[in-house]
Amino acid sequence: MERWQEKFAESMFRRSADINHDLKTPLNIAVLNLELLRMRLRKLAAEAAEDEKVGGYLQSIELELRRLGRVFDAVFQLAMPAGTEGPGVMDLVEDARKRFDPIDGESGPALIHEDRLRDLLDLIAAGATKIFRTPPRVSVETTTDRTVLRLEAEAEDPDLELGKLFKFYYTDSSGNPEISLATARLIAENYGGELTARLDEGSLILELTVPPGDHQ
């Protein structure tokens with residue numbers, strides 16, 4: 001195994017227990033609702049098609065199975081390296097400007113595969129629309145050992161549980177499965193970075209940190 005690939009193996013090992021739990025949670029919900037549906041059908045027989053509870057169980061099953069499909073794509077496709085060659089130094093700011101405008105920062109080197117950088121930023125942009133009340137203030141800072149993309153604005157949900165944002169079983173305020181940020185964190189960690197969220201004086205701050213690579 002080449003040295004650049006070690007981060008992928010290390011990240012998957014570190015997150016394996018969480019991922020296993022996250023995969024089983026929606027599956028267990030789907031199985032439970034199937035059993036409830038079976039019991040309800042036995043009770044209602046011919047009237048089942050018009051029963052509201054039956055419709056609710058069916059909707060829940062569909063949502064969780066759709067979530068499972070997205071989780072499997074995240075774990076078995078987006079979490080893998082994009083190609084057999086090592087990552088290169090990409091300009092994070094150049095790609096981020098296609099999704100966020102304006103951005104405070106001139107450049108942001110990131111050691112990552114180009115396709116995965118695009119996936120990562122797409123996922124963060126998608127997740128941001130669900131957690132921020134207004135378009136966030138976006139900035140990029142680079143030091144010798146890291147590049148940081150920071151998004152900051154008022155949280156859409158004042159009671160937001162930060163710990164759930166990066167879980168594959170997270171459901172947004174509209175009741176829909178939302179795994180964008182969980183997938184983005186997985187990609188970031190595979191490349192030696194991280195994705196975190198915190199609250200600071202009423203503002204929600206989302207930070208992506210990635211290694212800058214040798215950009216001298």
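This text walks through the sheet, the helices packed on it, two pockets and one helix residue of a predicted model.

Start with the sheet. It is open and has four strands, in the order S3-S4-S6-S5. The pairing is antiparallel. Two strands form the edges: S3, residues 137-142, and S5, residues 194-200. Each of these pairs on one side only. From one strand to the next, the twist averages 20°.

Now look at the pair S4 and S6. Strand S4 covers residues 147-154, and strand S6 covers residues 203-210. The two run antiparallel, joined by eight bridges. To find one register point, take Arg150: its bridge partner in S6 is Glu207.

Two helices pack on this sheet. Helix H4 spans residues 114-131 and touches S4, S5 and S6. The direction of H4 makes about 170° with that of S6. Helix H5 spans residues 180-190 and touches S5 and S6. Here the angle is taken to S5: the direction of H5 makes about 125° with that strand.

Next come the pockets. Rolling a probe the size of a water molecule over the atoms shows where empty space is left. The largest pocket has a volume of about 210 Å³. Its lining holds 14 residues. Closest to the centre are Asp157, Leu160, Tyr170, Asp172 and Ser173. What is the character of the lining of the largest pocket, by nonpolar, polar and charged residues? It divides into seven charged, four polar and three nonpolar residues.

The second largest pocket has a volume of about 170 Å³. Residues from several stretches of the sequence line this pocket: Arg3, Trp4, Lys7 and Phe8, then Pro87 and Leu111, then Asn190, Tyr191 and Gly192, and finally Pro211. This lining divides into six nonpolar, two polar and two charged residues. Helix H5 ends at residue 190, and Asn190 is part of this lining.

Finish with helix H1, which runs over residues 6-44. Lys7 and Phe8, from the lining of the second largest pocket, fall within that range. Ser16 lies in H1 too. Is Ser16 buried, exposed or partly exposed? Its relative accessible area is 38%, so Ser16 counts as partly exposed: buried would need a value under 20%, and exposed one over 50%. How far is Ser16 from Glu85, 69 residues apart along the chain? The C-alpha atoms of Ser16 and Glu85 are separated by 25 Å.

How values were computed: Residues numbered from 1 in each chain as written. Predicted model: local features only at pLDDT ≥ 70, side-chain atom pairs only at ≥ 80, totals over all residues. Heavy atoms only, no water. 1 Å grid on protein atoms, 1.4 Å probe; cavity = no way out; pocket = protein on both sides within 12 Å on 5 of 7 lines; lining within 4 Å. Points joined across faces, edges and corners; volume = space filled by probe spheres on them. Nonpolar A, V, L, I, M, F, W, Y, C, P; charged D, E, K, R; others polar. Pairing = 2+ DSSP bridges. Axes fitted to C-alpha atoms, helices over the stretch in contact; angles between N-to-C directions. Contact = heavy atoms within 4.5 Å. Buried < 20%, exposed > 50% of the residue type's maximum accessible area, 1.4 Å probe, protein only.
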